Amino acid sequence: MADPTTDARVSPLAHLAERMRAAAVTGARGVTLTELPFRTMVNLRADPAREAAGRLEKTLGAPLPDHCGHTTSSGRHTLVWLGPDEWLVLSGADGAALTAELREVLGADPGSVVDVSAQRTTLELSGPAARQVLEKGCPLDLHPRAFGPGRAVSTTVGPVGVLIWQVDDRPAYRLFPRSSFADHLGRWLIDAMGEFRGPEVP
């Protein structure tokens, strides 16, 4: 990871940090929005039927998810299904080091390993009202009967395409918009959170 004493990067939503803090709601209708910047994300493509897939699984410590919406996790890594031969590795490891390691493991087998950490940022929306906020502009059925912890799919929230992952049953969701659309999504979510400051309308 970058040295925090010399890291000059500015996250896509640094300018909205104070507005996100001010938008937080507490209590039974509570919801908070936080940016988790500079997280490692590696796009991985490989043929799941070839030997390389097993080597990649051993290196990552988790099986490659094999169905839409599925994730697997081990230690610092979470693997998200993007397609039959494509995954996003979310990791606490250094992006350059992880990318180099996975490329070596893939070897000459068909596939690719690309560090896409700069392509997206991460927003965490959590609290009792988080699902209701998302339901204002997300076409997915987010009810626990259909979507729960460990599920992750590509969808839209408001006008923005995102990858959404439910982390736990608080509930907490992590949204991964492309960096160029993060401002639009951040402002949309802040606005959507506003009604939960008041009492629930019967």
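**Exercise 1. Place H70 in the predicted model and describe its surroundings.**

H70 is found in the loop between α2 and β3 (71-74), where helices (H or I, at least four residues) and strands (E, at least two) are DSSP runs numbered from the N terminus. The structure is a predicted model, in which local features need pLDDT of at least 70 and side-chain atom pairs count only at pLDDT 80 or more, while totals for chains, interfaces and linings use all residues. Residues are numbered from 1 along each chain as its sequence is written, and side-chain values use heavy atoms, with hydrogens and water left out.

The next step is accessibility: H70 counts as partly exposed, at 32% relative accessibility, given that buried means under 20% relative accessible area, exposed over 50%, and partly exposed in between (1.4 Å probe, protein chains only). Leaving aside residues up to four places away in sequence, H70 touches P65, L79, V80, W81, G150, R151 and A152, a contact being heavy atoms within 4.5 Å. Finally, H70 and V42 are 28 residues apart in sequence, and their C-alpha atoms are 17 Å apart in space.

**Exercise 2. Describe how α2 and α3 pack, and which residues make the contact.**

Two packed helices are described by the angle between their axes and the distance between the axes. For helix α2 (residues 51-60) and helix α3 (residues 95-106), the angle is about 150° and the axes are 9 Å apart; axes here are lines fitted to C-alpha atoms, for helices over the stretch in contact, and angles run from 0 to 180 degrees between N-to-C directions.

On the α2 side the contact is made by A52, R55, L56, T59 and L60, and on the α3 side by L98, E101, L102, V105 and L106. Sorted by class, the residues of this contact divide into seven nonpolar, one polar and two charged, with Ala, Val, Leu, Ile, Met, Phe, Trp, Tyr, Cys and Pro counted as nonpolar, Asp, Glu, Lys and Arg as charged, and the others, Gly among them, as polar.

**Exercise 3. Work out which side of α3 is buried, and what covers that side.**

Begin with the length: α3 has twelve residues and reaches 16 Å from its first C-alpha to its last, close to the 16 Å expected at 1.5 Å a residue, the expected span being 1.5 Å times one less than the number of residues. The buried residues of α3 are G95, L98, T99, L102, V105 and L106. They cover an arc of only 130° around the axis, which puts them on the same side of α3; the arc is that of the directions from the helix axis to the C-beta atoms.

The face turned away from this buried side carries the exposed residues A96 and E104. The cover over the buried residues of α3 includes β2 (40-46), α2, β4 (77-83), β5 (86-91) and β6 (111-115).

**Exercise 4. Repeat the analysis for α5.**

Helix α5 (residues 182-193) has twelve residues and should span 16 Å at 1.5 Å a residue, which agrees with the 16 Å between its end C-alpha atoms. Its buried residues are A182, L185, G186, L189, I190, A192 and M193. Seen down the axis of α5, these residues fall within an arc of 165°, so they line one face of the helix.

**Exercise 5. Which backbone features mark P171 and F38?**

A cis peptide bond, with omega of about 5°, joins R170 and P171, and P171 is found in the loop between β9 (160-168) and β10 (172-177). F38, in the loop between β1 (32-35) and β2, has phi near 60°, a positive value in a residue other than glycine. F38 is also partly exposed, with a relative accessible area of 30%.
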